[in-house]
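Please look over the two chains below before reading on. The points that follow are meant to be checked against the coordinates one at a time.

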Amino acid sequence: MTYFIDRRANAKHKSAVNRQRFLQRYRSHIKRSVEEAVNRRSITDMERGEKVSIPAKDISEPVFQHGPGGSRTIVSPGNKEFVEGDRLRRPGGESEGGAGEGGASNQGEGVDEFAFSLSREEFLDFVFDGLALPHLERKQLRDLDEVRPVRAGVTRDGVPSRINIVRSMREAQARRIGMRAPIKRALREAEEALQEEERKDPVLRNPTRIHELKAEIERLEKRLEAVPFIDTYDLRYNNLVDQPQPSNKAVMFCVMDVSGSMTQGHKDIAKRFFLLLYLFLERNYEKVELVFIRHHTAAKEVDEEEFFYSRETGGTIVSSALTLVDEIITQRYSPAQWNLYVAQASDGDNWDDDSTTCRDLLMSSLMAKLQYYTYVEITPHSHQALWEEYERVQARHPERFAMQQIVESGDIYPVFRKLFRKRIAQ
Amino acid sequence: MSTVSTPIATGSDWNFEILTAYEREIARFAQEYRLDIYPNQIEIITSEQMMDAYASVGMPVGYHHWSFGKQFLSVEQAYRRGQMGLAYELVINSDPCIAYLMEENTLMMQILVMAHACYGHNSFFKGNYLFRTWTDASAIVDYLVFARKYIAECEQRHGVTAVEQLLDACHALQNYGVDRYKRPSPISSEEEARRQQEREAYLQAQVNALWRTIPGKAPRDESKAFAEDGDDPLGLHQYERYPPEPQENLLYFLEKNAPLLEPWQREIVRIVRKLAQYFYPQRQTQVMNEGWATFWHYTLMNRLYDEGLIDEGTILEFLHSHTAVVQQPGFDSPHFNGINPYALGFAMFSDIRRICETPDEEDREWFPEIAGSDWLETVHFAMRNFKDESFIQQFLSPRVIRDLKLFSLVDDDRDEMLTISAIHDERGYRRVREALAAQYALSLREPNIQVWEADIRGDRSLTLRHVQDARRPLGKTLYPVLRHLHQLWGFAVKLESVEEDEVVRRYQWPLPGDARDSG
């Protein structure tokens with residue numbers, strides 16, 4: 001007796017729970033591995049899942065086993081030249097061997113790492129674990145122009161396409177009950193009176209009264225029938241109102257100094273930093289737009305390719321970029337509709353008296369529009385005027401302005417974590 | 001029922017009608033060969049589902065534990081890298097016998113898996129004495145459902161972490177969760193659920209009784225012995241060691257005697273023990289089970305070809321796949337990974353048939369009872385009554401030893417050099433055979449460890465004894481395992497390695513001087 005059952009349509013991922021249990025249990029290991037990966041891998045790899053290895057000894061499930069030593073006899077196949085009594089040198093670095101299997105050969109490669117793949121989602125979960133976008137409170141509703149129609153109960157007027165049938169029928173039924181009840185009562189009374197009259201001795205009957213009652217009953221029955229099944233004032237319509245929406249869109253301005261002092265190494269570091277920020281924003285907003293602005297003495301909006309790879313020479317005027325950011329915001333990204341983020345990377349050089357201009361620009365105009373401003377200074381050297389001016393901005397907007405120094409590529413992820421670590425709710 | 005001379009189907013595509021038609025033909029032949037099977041339940045699944053099935057080590061329903069997640073991740077990784085085909089087989093010892101066919105398989109593969117799993121393994125599960133004694137195919141799925149539900153309830157009541165730690169500890173000891181001599185009684189899941197309730201109350205009462213004897217109280221209870229026995233004024237030695245006989249089933253001992261376990265914890269220990277018991281026959285019949293299934297898929301596929309039911313392309317595809325399965329790389333090959341149970345088992349069953357059908361002088365000398373006998377009767381006899389160890393001891397012929405060029409090697413740590421102790425020649429056959437049989441003896445593969453003493457009147461420590469085999473010590477994993485054991489027992493755990501009745505090594509957990517908690 002044999003049955004065939006087609007189970008292909010059944011749920012897969014039966015192991016999802018166990019998989020999550022495993023990831024949960026080795027959270028710290030995986031996190032370490034992910035951290036290394038973030039620093040080591042090229043940026044394009046970030047978008048994919050990640051291969052993670054954990055030392056096998058940490059996740060082994062121990063059982064009692066034989067250890068090396070003592071005497072054992074091993075049977076193996078494939079003898080070519082041995083004869084009984086042959087003596088062989090022990091293979092160098094005797095591996096521990098399994099439970100009696102295996103032979104004089106080297107027992108294959110030692111599997112001392114347990115490797116597996118995280119999906120992209122799982123990977124990013126680990127990358128951004130414990131981080132939060134600061135100042136993510138929804139924008140004040142009155143600032144918002146964006147609206148979305150939402151259901152808000154029912155109304156008595158509306159267009160036929162929005163008729164709420166259930167509610168309308170309920171109203172009609174209530175009305176019918178309400179309108180028919182008094183008529184029915186009068187009808188019942190009239191019928192009772194008629195019966196009483198008719199039960200009387202024929203001599204005592206009042207023919208006029210009977211006639212009246214019959215007419216009354218007839219009239220009432222007609223009225224009862226005249227109560228309409230549904231009437232215009234039973235109709236109910238679904239009500240839609242426009243509700244202002246918290247914006248779920250973000251723009252990220254990548255601002256980078258491309259003057260002669262910024263090497264390709266600096267730019268790579270900046271690129272990784274921008275990428276991390278982008279991925280992070282992408283997880284928090286439905287839609288994230290990118291604006292690339294590079295500057296030396298003048299700022300220019302460019303595409304990604306040009307942003308990262310073309311070289312420029314010359315001096316540096318940071319305020320040119322900030323001005324451009326401000327202009328673009330005014331033209332294209334109304335702060336009422338967009339969450340605005342600026343990430344600036346620079347080596348800290350700036351035209352001497354420009355730094356104060358930057359500060360003024362930020363404090364007077366930009367900061368009020370932005371959700372968050374991050375500045376990373378990629379330099380092993382001591383800070384210059386720009387850093388000092390920015391420190392004053394930070395003092396004024398500690399919630400919205402953050403700055404950190406990056407010396408080498410290994411610092412990117414730690415610095416990123418520092419910038420976005422979860423703060424205790426105020 | 002007449003011989004068909006045109007193939008039922010050709011090419012690699014399949015559908016349910018074709019599979020049903022082939023299954024019917026295989027069933028017809030299987031009946032001729034007297035393969036007695038449980039009803040088959042053949043499930044068509046996708047490769048993802050196959051990975052799930054692999055990860056739950058062949059249990060159709062499993063409880064949740066991270067180790068199965070680990071298993072899943074490694075299967076997934078291997079499959080993605082293409083290191084592993086999933087196709088071959090997955091079959092569950094249950095009644096009806098559940099076998100999985102993967103939808104990606106070619107028609108040939110589906111026929112092959114049906115022959116291998118649904119008739120080969122299935123008849124082995126139903127016929128072999130170990131399976132008949134140790135497992136109850138009709139109850140296992142019910143029991144798994146019960147176990148999963150119970151453990152999920154425990155997770156809700158006591159937290160995932162508590163249950164997980166307990167399962168970790170039980171898993172570490174699951175190879176020691178088997179009664180080797182007593183047959184367990186089969187029960188169904190409703191019965192199990194009902195009995196579980198009674199057991200919780202009853203078990204705890206029993207344990208309480210055992211541990212009521214607190215230290216110092218005992219001598220007073222036996223005041224008579226106290227007066228009569230002048231050599232032992234405190235009466236410390238008048239009790240037998242507890243347990244009186246060493247106990248080989250560590251999990252059973254813990255379930256019944258561990259002083260501090262809660263009733264639900266005892267039930268979980270029991271669940272792990274029961275499942276270990278279910279898998280116990282499989283661990284002892286790997287060569288036979290795979291050999292038997294391979295022997296039958298080979299026989300059945302050839303029969304299908306002989307009757308014209310599959311075409312030449314299909315049989316060639318089959319031979320290609322079959323050859324890969326029964327390949328045995330030599331010990332010095334980079335592909336060597338121990339003895340391939342498919343290769344050894346297939347060679348042996350094929351050789352039994354050969355000895356029966358066309359015996360030569362050597363066979364008559366070595367196997368006088370079976371040479372020239374009815375081959376079908378003989379292979380069935382072998383399948384029913386042996387496990388790997390005894391099967392090899394009984395049926396490994398000089399010819400198979402020669403074909404596989406088996407040799408045995410002695411690795412003694414007191415000797416600088418390794419010695420070839422026997423090869424495939426007249427003088428060596430018996431010794432190779434004995435050594436190979438020993439290699440499959442579970443009692444030698446796993447260290448022999450038993451409960452020796454529970455100090456129920458003293459410090460409540462538990463002492464285990466490891467009887468060393470040929471001076472082979474325990475591996476490094478022993479401390480992690482002792483730690484798990486300590487977690488279950490609740491008091492100090494000691495382990496003594498014994499060689500010829502003399503204790504040669506002692507281990508304990510918590511480590512001496514580690515006064516964290518031992519009481």
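1. Domain bounds, as used here, come from an automatic or database domain assignment. On that basis chain B is divided into domain 1 (16-128 + 285-318), domain 2 (326-443) and domain 3 (446-509), and the centres of domain 1 of chain B and domain 3 of chain B, taken over C-alpha atoms, are separated by 41 Å.

2. This is a predicted model, in which local features need pLDDT of at least 70 and side-chain atom pairs count only at pLDDT 80 or more, while totals for chains, interfaces and linings use all residues. Residues are numbered from 1 along each chain as its sequence is written, and chains are lettered from A and ligands numbered from 1 in the order in which they are written.

3. Chain A has 12 helices and 13 strands, these being DSSP runs (helices H or I, at least four residues; strands E, at least two) numbered from the N terminus. Of its 426 residues, 28% count as buried, a residue being buried if 20 or more other C-beta atoms, placed from the backbone, lie within 10 Å of its own.

4. The two chains touch through 82 residues from chain B and 58 residues from chain A, where two residues are in contact if their C-beta atoms, placed from the backbone, lie within 7 Å. On the chain B side, helix H3 (residues 66-81) gives the most, with 10 residues.

5. Both chains also contribute to an open sheet of 4 strands, with the order S1(A)-S1(B)-S3(B)-S2(B) and mixed pairing, two strands being paired if DSSP finds at least two bridges between them. Its edge strands are S1 (2-6) of chain A and S2 (91-92) of chain B, each of which pairs on one side only. S1(A) and S1(B) run parallel and are joined by 5 bridges, with A:Ile5 opposite B:Glu43. At the other edge, S2(B) pairs with S3 (residues 97-102) of chain B in the antiparallel sense over 2 bridges, and B:Ala99 is the bridge partner of B:Val91.

6. Which strand of chain A lies largely in the open? Strand S6 (residues 147-155) of chain A does so, because the number buried among its 9 residues is 0. S6(A) nevertheless pairs with strand S7 (residues 237-244) of chain A, in the antiparallel sense and over 7 bridges, and within this pairing A:Arg148 stands opposite A:Gln243.

Definitions and conventions. A residue is buried if 20 or more other C-beta atoms lie within 10 Å of its own, exposed if 12 or fewer, and partly exposed in between; C-beta atoms are placed from the backbone.
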